[in-house]
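The following exercises concern the reading of a protein model. Each task is followed by a solution in steps.

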Amino acid sequence: KLLINEVNPDNPGGGEDAEYIELFYTGRTRFDLQGYWLVLYNGKNSRAYQVLDLSGHHTDELGYFLVGSSTMSPAPMIGLPPNTIQNGADAVALYYSNTTLYAVNMAVTAEGLVDAVVYTSRMPEKADQLVKVLVPGQSILYENDSHSTEDESLSRCHSLSTKLQSSFQVTMVTPLGENSCSSSSAPVPPAIRISELCLAGSTTPHRFVELEGKPGTSLGGLSLVFFLGKEGKARASIPLRGIIGATGLFTFALDGGHGHDGTNLTSKDISATNEGSSAIAVYRTSLIPGGTKATSENLVDALVYTCEPSKAGGHLDFLGPSYAVPCKDDRPMSLSRCACGNASAELQFAISDPTPGLQNSCPQDAFAVDLHLCLLTPNCSTWILHHRRMLKSLGRVLVSSLEEKCSCGVSELYLQGLNLTCVDSLVKVWGQVWARQLEQQQSIETWCQGFLARPHTFSVDDRVLKTSPECIAPGNAPSVSHSTASFQGWEIALFVMGSLLLMFFVVSLAFYFIKRHPQNYTNIEMNDRGEIAADF
């Protein structure tokens, strides 16, 4: 994944000509930055004062990418005028999106957010709105000038987790190089992470959490914590023991388990609730008392889930994105960590069949179903102005419709490459729906045919849409219907012919007046024959 690795917003003296922001790709190889954006926010008004589109650029061979003052050394990949990066309280945010256009003076947003750092060089200054949106539940970073008399920076030293302020510490500057962290604080990938959470229905007893890591890794000193409800408080905590097996997986059965304080674990401890989000988290500590509020301190990994997407978030926002699951379903069902199929490189969770101790059952492009929809809407203004939000809402509606008809266990991660355009009250949607196996692919194809077979209306963010069989646009990209295309062709042809006729008339009129009224009469001998020719 791509991370903000180092931020140096303030230099000694008044030159401010060695400021920089360093990005780092954890794969430690050349990485294409297509679709990534770097946005700098002003803490006083919480609006963007600098926006950089990173498309067309790439990291160096070690995974580093430098944006900084054009006069600094080593030379940055993107040069900025001196004193561009503000000293704070401000923020640096990294986004990924192929649809949203980020712009100067826009309000701070979490849409497409990959990573962020909110910082200040002066202790009294705050940026509460930036913290709330970009790194909720955390504290602003302070670039303490007491670390060294030389230049210094905020460097990632404690973890490779995104949007985690505690990952950074003040160090010596190291542009395009390994961060100058103490040996004990060098960032390393999480040794343990959550691979699968089984949320089995009431008719089956199989509930488990599956962790993954390097074979032989000890689980000692870690706790598995369950958060439930709107307040985001710990309901139960289990100290972990044992080691990761040869397969790289460790499966922990939940039913009949006990918390460290003797609390019995029940299905309510892990079930999705319609009263906010629930979460499971792994912490680097052996003691998390019940009733403790969720925190990013000592956090190793977390999974947030809900059965009411509209009520997601709240006190568990900072743990990670919230994944929607069915509220009432008796089928065995899991949330499994899967590759998301795009360049964001961040693994996400998808609804799947339970696979304890086995490779996760994830949607695959080998079982992809092409999706081409043409929908009628009263007007296009909302779809154009709020493209990303409406696209996400439409995705949720499509997944809900699909799950309602086929009950085949799908979530938003199954939609790949979804995009839309809206022209003349016509919303054209294209993309793919992936499946886990052939049977699920056939169910998705049946739903798709039924969805388009008869006209019906449905709502997306209170905007009414209507499907119509005559409005289907086949192909791999958005197209228009035959009648619309033909009508536009006649418009173009008539316009061209009218333009040519008008041009011919203007040229003929100009030629007539030139012949009729020559500018230099002293060199022209007029006679009767010449006058007749001129008149003609």
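Is Lys-392 buried, partly exposed or exposed, and what is its relative accessibility? Lys-392 counts as partly exposed, at 48% relative accessibility. Here buried means under 20% relative accessible area, exposed means over 50%, and partly exposed lies in between (1.4 Å probe, protein chains only).

The model is predicted: local features need pLDDT of at least 70, side-chain atom pairs count only at pLDDT 80 or more, and totals for chains, interfaces and linings use all residues. Residues are numbered from 1 along each chain as its sequence is written, and side-chain values use heavy atoms, with hydrogens and water left out.

**Exercise 1.** Describe the salt bridge of Lys-392 and place both partners.

Step 1. Lys-392 pairs with Glu-412 at 3.7 Å, N to O. A salt bridge is a side-chain nitrogen of Lys or Arg within 4 Å of a carboxyl oxygen of Asp or Glu.

Step 2. Lys-392 belongs to helix α3 and Glu-412 to the loop between α3 (387-406) and β23 (415-423), so the pair ties together parts 20 residues apart in sequence. Helices (H or I, at least four residues) and strands (E, at least two) are DSSP runs, numbered from the N terminus.

Step 3. Glu-412 is partly exposed, at 31% relative accessibility.

**Exercise 2.** State how many salt bridges the structure holds, and examine Asp-301 with Arg-337 and Glu-178 with Arg-28.

Step 1. The structure holds seven salt bridges.

Step 2. One of them joins Asp-301 and Arg-337 at 2.6 Å, N to O. Asp-301 is in strand β18 (residues 299-306) and Arg-337 in strand β20 (residues 334-338), 36 residues apart. Both residues are buried.

Step 3. Another joins Glu-178 and Arg-28 at 3.8 Å, N to O. Glu-178 sits in the loop between β11 (168-172) and β12 (192-198), and Arg-28 in the loop between β2 (20-25) and β3 (36-42), so this pair ties together parts 150 residues apart in sequence. Glu-178 is exposed, at 51% relative accessible area, whereas Arg-28 is partly exposed, at 46%.

**Exercise 3.** Assess the confidence of the model.

Step 1. The mean pLDDT of the protein chain is 78, and 77% of its residues reach 70 or more. pLDDT is the predictor's confidence in each residue, from 0 to 100.

Step 2. Over residues 473-488 pLDDT stays under 50, and the model has 14 contacts there beyond four places in sequence. A contact means heavy atoms within 4.5 Å.

Step 3. Where pLDDT is low, the predicted coordinates should not be read in detail.
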